[in-house]
Amino acid sequence: MIRDHDTIAAPATAAGGALAVIRISGEEALRICDRIFRGRKPLAAAAGYTVHYGEIVDDGRVLDDVLVTVFRAPRSYTGEDAAEISCHGSQYIVSEILRLLTASGARMAGPGEFTIRAYLAGKLDLSQAEAVADIIASSSRAAHALAANQMRGGYSDALEGLCEKLLELTALLELELDFSEEEVEFADRAQLREAMQRIGAHIDALRNSFTLGNAIKEGVAVAITGAPNVGKSTLLNRLLNEERVLVSDIAGTTRDVIEERINIDGVVFRFLDTAGIRATDDRLEQMGIQRTMSSIERAQIVIYMTDAARLAAGAPVAPEFPLRADQKLLVLVNKTDTAPDCPLPEGTIGISARNGDGIESLRRILRSFVDTEALYHGDAIVSNNRHYEALTAAGDALRRALDGLNNSLQTDLLSEEIRQVIHHVGSVTGRNSLASEEVLKHIFSKHCVGK
């Protein structure tokens, strides 16, 4: 993973399109391209940010007409000399150009190798580099906004601001150590406590944003629960607008959790159609019910379904299983078309999954549960597990430092506790020190080849 001086090449576009882009980066990138490219002038003599028309030639045979964009170090994505060849999207043409480039001195790039070179060259910090993969994988407006904000550095700026404040505190404390014999106090302890509390509140706010950020990135988990035959699978099919899930009048038809993704106004929801909850001696159905309870535990939103007939018979309109304080509950009364005069208990929503009655209202309510205003205003929101763990460790270290301050901890030990906070916060961006090779391998293995 550590930077070498090889020139690397890889396709930067997915196979199957009308056009393809092949990316080359490294000290020899332009000279290697010149060995297979014939244009009006050599690329090695071209200025950066220029586009050149020509032909890719293989031993006198013209393979394709192409455009080559030239980038000059250090003003390129990787900080190196680089080129991008735009050719026709034929898989044969792409593979032949890559063969010619490798035969001319380049090697094939590994996953994320262009982005890791950008990170090592200081073009991106670690959190921005991770956002590159997230923006490629984004499948909704909200996920795209989340990744784009992180890639633009809004995330990094907030964390760097914290590190600067913490460094100021440690500098004052360590200055006291230089004058320890004179018992001089450069850092007023009351002001120090107030500053540390403000920083702790900022760390906690970033950490608490992970619930929203992770839900947007991975999809908001919605468990559809209830007794057998209340219409859970019919509801999922209605939301999907297609017959994706098997529907039957036979109780216990759904025996495993079925997951489907639906985009509602720019946010992806992961609907989990679960087995009906009831007492049963059927071992397979019991296993399905156990998985239902597991799905309920990890859901952000729980839909509890009953139907008009059960309601009329006095069935409960509240789930019999416990919910977390942070989970949102929606109680649906299905099949209201069969009992239009049946009054609905307060707080319930009447629908007909079969006919589609009330489905749009349900969509609006679900979307209202996910507040994305802060996201679209560019606020820093944590969506990465690694960042969440680092901020948790930073918060714990800061609380230890505050405890030490309150208990008159020695200045050198207090300074060391604060430096632990700086270390954990700085590990998110990787700016204070280069991340370990193991961390880099883990992060960049998730990137696609060519990025």
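Contact between residues means heavy atoms within 4.5 Å. On that basis, in this predicted model, R189, L192, R193, M196, Q197, I199, G200, I203, D204, L206 and R207 of helix α7 meet Y388, L391, T392, A394, G395, L398, R399, A401, L402, L405 and N406 of helix α14. Sorted by class, the residues that form this contact of α7 with α14 comprise 12 nonpolar, 5 polar and 5 charged ones. Helix α7 spans residues 189-208 and helix α14 spans residues 385-406, and the two pack at an angle of about 160°, with their axes 10 Å apart. Because angles over 145 degrees count as roughly antiparallel, α7 and α14 are therefore roughly antiparallel to each other. The crossing of these two helices, α7 and α14, is left-handed.

These helices belong to a protein chain that contains 16 helices and 13 strands. Of the 451 residues of the protein chain, 47% count as buried. When contacts in the protein chain between residues at least 6 apart in sequence are considered, 66% of them join residues at least 24 apart.

A second helix pair is formed by α4 (residues 126-137) and α5 (residues 141-151), which pack at an angle of about 155°, their axes being 8 Å apart. That angle makes α4 roughly antiparallel to α5. The crossing of α4 and α5 is left-handed. On the α4 side the contact is made by S127, Q128, E130, A131, V132, D134 and I135, and on the α5 side by H144, A147, A148, Q150 and M151. By class, the contact of α4 with α5 has 6 nonpolar, 4 polar and 2 charged residues.

Helix α5 also holds N149, a residue that is buried because its relative accessible area is 8%, under the 20% limit for burial. With residues up to four places away in sequence not counted, N149 touches G154 and Y155, and also G378, D379 and A380. A further buried residue, T372, lies in the loop between α12 and α13, the latter helix spanning residues 373-376. The relative accessible area of T372 is 3%, so T372 is buried. Residues touched by T372, not counting those up to four places away in sequence, are A142, I216, V267 and R367. For one of these, V267, the C-alpha atom is separated from that of T372 by 8.9 Å, although the two residues are 105 residues apart along the chain.

Turning to charged side chains, the count comes to 24 salt bridges. Among them, R61 forms a salt bridge with D58, in which the closest N and O atoms are 3.2 Å apart. The side chain of R61 also meets that of E96 in a salt bridge, at 3.6 Å from N to O. The pair of R61 and E96 links distant parts of the chain, since R61 lies in strand β5 (residues 61-71) and E96 in helix α2 (residues 91-103), 35 residues apart. With regard to exposure, R61 counts as partly exposed because its relative accessibility is 35%. D58, by contrast, counts as buried at 18% relative accessibility, and E96 likewise counts as buried, at 13% relative accessibility.

Another salt bridge is found within a helix, where the side chains of R363 and E360 meet at 3.5 Å, N to O. Being 3 residues apart in helix α12 (residues 359-368), R363 and E360 are separated by about one helical turn. R363 has a relative accessibility of 14% and therefore counts as buried. Elsewhere, salt bridges that share partners join D6, E80, R107, E113 and R117 into one network.

How values were computed:
Residues numbered from 1 in each chain as written. Predicted model: local features only at pLDDT ≥ 70, side-chain atom pairs only at ≥ 80, totals over all residues. Heavy atoms only, no water. Axes fitted to C-alpha atoms, helices over the stretch in contact; angles between N-to-C directions. Helix = DSSP H or I, 4+ residues; strand = E, 2+ residues; numbered from the N terminus. Parallel < 35°, antiparallel > 145°, perpendicular 65-115°, else oblique. Left-handed = near helix turned anticlockwise from the far one by under 90°. Nonpolar A, V, L, I, M, F, W, Y, C, P; charged D, E, K, R; others polar. Salt bridge = Lys/Arg side-chain N within 4 Å of Asp/Glu carboxyl O. Buried < 20%, exposed > 50% of the residue type's maximum accessible area, 1.4 Å probe, protein only.
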